[in-house]
Amino acid sequence: MRTPRRLPLLLAASLLASGFAVGPNGAASAHEALDVDAGAMIIVTAARDPGYLAARTSGATRTDTPLLDVPQTVNILTRDRLDDQAILSIADALRYVAGATTGQGEGHRDQPTLRGNNATADFFVDGLRDDVQYYRDFYNIERLEIMKGPNAMIFGRGGGGGVINRVAKTPQADSFAGADAAVDSFGAWRLGADLNAVITDGISARLNAVYEDGANHRDVYALERWAVNPTLGFALGDKGNLVFGYEHASDDRVIDRGVPSLGGRPAKGFRDTFFGLADVNRSTFNADVVSLALDYQLTDTLTLRQRSRYGDYDKFYSNLFAATAISAANSIGVEAYTDATARENLLTQTDLVWKVATGSIEHTVLAGFELGRQTTTSARVNGTFPVVPGGTSLRSPVAVTDPFRPPTPLFGAALRRGHSRANITAGFIQDQLSIGAHVEIVAGLRYDRFSLDFENLLTRATLARTDNLWSPRLGLVFKPVANAALYANFSRSYLPQSGDQFTALDATTAALEPERFDNYEIGGKWDVLPGLNLTAALYQLDRANSRAAGPIPGTVVLTGKQRSKGLELAANGKITPQWQVSAGFAWQDAELLNATTAGPAGRKVAMVPRTQTSLWTRYDLSEHFGLGLGASHQASSFASISNAVVLPAYTRVDAAAFMQVAKGIDVQVNIENLFNTGYFPSAHNDNNISTGGPRAVRLTLRTKY
């Protein structure tokens with residue numbers, strides 16, 4: 001692994017942090033900040049949503065658009081909802097999102113499945129790609145946006161089932177100091193800070209930071225992570241704002257790949273048993289990221305939007321894991337490997353938004369381009385085990401005991417070591433047409449030129465491929481009344497055959513056409529009350545050009561097809577001023593349409609339960625006290641595409657209590673898995689199956705002045 005060039009970044013962070021001095025003014029919400037004099041403020045690009053309902057988004061269209069006018073399913077978890085449910089991870093968040101699940105990710109990364117398509121790279125921060133494999137924290141975000149279906153028109157390649165966008169906190173116009181502290185019944189604890197200072201008129205600085213020492217129910221587990229994110233904002237008169245940001249994130253944890261299977265089901269009786277080695281199963285991650293965000297009003301009708309992001313990432317993990325099911329002799333085979341990735345991303349977006357009318361038709365025209373370069377160096381080393389009377393083996397049989405006692409593997413020469421450079425050039429245009437008071441049309445087209453150069457550092461062989469991708473989007477919105485909309489939408493996305501991490505390219509994949517995702521969706525949205533929104537969506541998502549074995553042994557051809565279809569229902573917002581709710585239901589089916597090397601036609605896609613139901617509600621009994629209750633249910637699903645191992649259906653119930661003990665001081669208690677249900681929420685394959693934790697209590701203290 002190389003040593004990251006972080007000194008300039010750390011110096012920049014020190015300069016930003018030196019500006020923090022909390023002023024005499026009290027705290028103000030983002031919406032209150034909008035009322036101050038425009039010449040002395042930071043124009044907030046990520047204003048806090050009150051309660052659980054978000055009414056607008058710029059993520060889905062790259063323009064500020066009411067959600068009623070967006071012809072697709074968009075699930076938004078506001079900061080209030082993230083806090084109330086004590087959500088700290090992508091996995092926690094998706095538990096309450098219809099049509100979404102999360103895979104195990106081998107115990108070291110986020111790996112969601114959206115509408116039957118799983119990915120490790122469909123993540124974004126303020127619309128810019130964040131595709132390295134790691135666990136994302138929510139300490140510095142204002143809200144989480146999950147946009148369903150292919151989104152290439154807005155986000156570029158990938159995102160076949162959807163994308164997850166984190167909207168970051170930005171400097172505000174008033175000084176405040178906020179902090180939180182949390183501890184749970186496993187002994188895990190966490191500290192966070194959110195400080196905002198007005199340095200002078202038109203200049204503000206904000207610092208978000210977090211430290212976490214993790215623990216859970218597993219016999220072997222450890223987590224230490226911390227992050228710091230200073231930002232500096234400048235008001236550009238009454239024309240716009242400029243925000244500079246820097247983030248350092250560090251994560252060091254034990255990799256836990258769960259339990260093996262037995263008889264086509266997760267092995268029971270081993271909820272806490274660690275099937276690995278504490279000294280081997282480790283993951284370290286470090287990131288340094290510099291960002292720039294500019295919004296500037298060129299004229300009364302023309303706005304410039306610029307986003308740039310440079311990231312330097314280092315990831316290393318080593319693990320030993322169950323490679324087989326438990327045998328009749330009560331043993332399993334174990335394997336081991338290490339993997340190292342170093343990546344540098346330099347990404348930039350430039351948009352122009354023009355509001356104009358042609359006769360009675362109003363247009364919001366978006367035109368822009370993206371440029372990017374991503375360089376990646378990766379290496380994989382397999383572990384070996386001694387074999388009696390001599391030699392080594394990649395797999396070792398181990399008796400299933402509690403505690404589990406596998407042999408220690410030896411790691412030698414690299415199995416795979418490569419360097420890749422991806423260059424991205426994209427241009428796009430989109431028009432949002434308002435035809436009277438009842439009809440909206442969203443039409444857009446994007447062109448991506450994605451070129452990848454790959455060098456095998458073991459053989460010095462070089463390969464390259466270039467994909468020219470055209471991604472259309474067409475949506476129609478009909479609003480019979482001002483507070484309701486019916487819509488239809490078509491969108492397309494592509495994923496080059498190099499995959500979403502560019503770690504391997506060979507002569508076969510260099511010649512294959514990219515995977516294609518086509519989504520057809522109809523739905524409706526209804527603001528049934530001023531603060532309560534209901535949504536419904538019916539979709540079909542076809543995936544084509546996946547890989548399969550060719551007629552000549554050792555060759556690969558494009559024959560694979562997959563179809564996902566489903567129904568999604570959701571409700572978010574306030575029923576009364578004291579009563580908030582977030583509810584969802586999904587029926588979905590995802591299967592192979594024709595035979596591939598993965599299986600025959602009709603085989604079901606992994607981690608796609610036929611039905612999902614979730615409900616979370618908070619009721620404030622008084623100004624100072626409230627209660628929360630939630631339940632999430634998943635039908636059974638398959639651990640992998642083999643369909644050989646079933647993850648049983650389960651229902652988990654959570655509860656919470658909230659109390660304001662003094663002005664600016666709040667205490668909450670969250671109880672996870674209230675009824676101590678045994679369940680298996682996710683898997684990576686048939687024998688790496690995560691176990692759900694027992695009942696746990698989490699106490700959180702929040703202050704803001």
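Let's start with F275, and with what surrounds it in this predicted model. Setting aside neighbours within four places in sequence, F275 is in contact with R218, G258, V259, P260, F270, L320, F321, A322, I332, V400 and F404. Keep F270, L320 and I332 from that list in mind, since they come back right away.

They come back in the largest nonpolar core, which has 24 residues. Which residues have the most contacts inside that core? They are F270, F275, L320, I332, V334 and I689. Two strands, β19 (302-322) and β20, each supply at least two residues of the core. Of the strands, β20 gives the most, with three residues.

Staying with β20, which covers residues 331-358, let me show you T350, which is found in that strand. Is T350 buried or exposed? It is buried, because its relative accessible area is 16%, and the cut-off for buried is under 20%. The side chain of T350 makes a polar contact of 2.4 Å with the side chain of Q306. Q306 also turns up among the contacts of T350 beyond four places in sequence, together with L304, R305, A367, G368 and F369.

Now let's move to strand β15, residues 240-254. How many of its 15 residues are buried? The count is 13, so this strand is mostly covered. Strand β15 has partners that we can look at one after the other. The strand β14, residues 223-235, runs antiparallel to β15, and 11 bridges join the two. If you want a place to look, find W226, which stands opposite S250 in β15. β14 and β15 form a hairpin with four residues between them. In that turn sits G237, with a positive phi of about 60°. The other partner is strand β18, residues 282-297, also antiparallel to β15 and joined to it by 15 bridges. Here the pair to find is R253 and, opposite it in β18, S283.

Next, two open sheets. One has five strands, in the order β3-β9-β10-β7-β8, and its pairing is mixed. Which strands are at the edges? Those are β3 (74-78) and β8 (128-129), each of which pairs on one side only. Inside this sheet, β9 (residues 141-148) and β10 (residues 162-168) pair in the antiparallel sense over seven bridges. I146 stands opposite I164 in β10.

The other open sheet has three strands, in the order β4-β5-β6, with antiparallel pairing. Its edge strands are β4 (100-102) and β6 (117-118), and each of these pairs on one side only. Strand β5, residues 112-114, is joined to β6 by two bridges. You can find T113 there, standing opposite N118 in β6.

While we're here, have a look at the loop between β4 and β5, where E106 lies. What is the phi of E106? It is near 60°, a positive value in a residue other than glycine. E106 is buried, because its relative accessible area is 8%. There is another residue of this kind to visit: N673, with a positive phi near 55°, again in a residue other than glycine. N673 lies in the loop between β38 (665-672) and β39 (683-685). N673 counts as buried because its relative accessible area is 1%.

On to some peptide bonds. The bond from V388 to P389 is cis, with omega near 10°. Where is P389? In the loop between β21 (361-386) and β22 (392-393). A cis peptide bond also joins D402 and P403, with omega about 10°. P403 is found in the loop between β23 (396-399) and β24 (410-411).

Finally, a word on confidence. The chain averages a pLDDT of 90, and 90% of the residues score at least 70. The stretch to treat with care is residues 1-46, where pLDDT stays under 50. For those residues the model has 104 contacts beyond four places in sequence. Where pLDDT is low, the predicted coordinates should not be read in detail.

Definitions and conventions
Residues are numbered from 1 along each chain as its sequence is written. This is a predicted model: local features need pLDDT of at least 70, side-chain atom pairs count only at pLDDT 80 or more; totals for chains, interfaces and linings use all residues. Side-chain values use heavy atoms; hydrogens and water are left out. pLDDT is the predictor's confidence in each residue, from 0 to 100. Contact means heavy atoms within 4.5 Å. Buried means under 20% relative accessible area, exposed over 50%, partly exposed in between (1.4 Å probe, protein chains only). Two strands pair if DSSP finds at least two bridges between them. A polar contact is a pair of N or O atoms within 3.5 Å; within protein, one must be able to donate a hydrogen and the other to accept it, and residues adjacent in sequence count only if both atoms are side-chain atoms. A nonpolar core is a set of buried Ala, Val, Leu, Ile, Met, Phe, Trp, Tyr and Cys residues joined through side-chain atoms within 4.5 Å.
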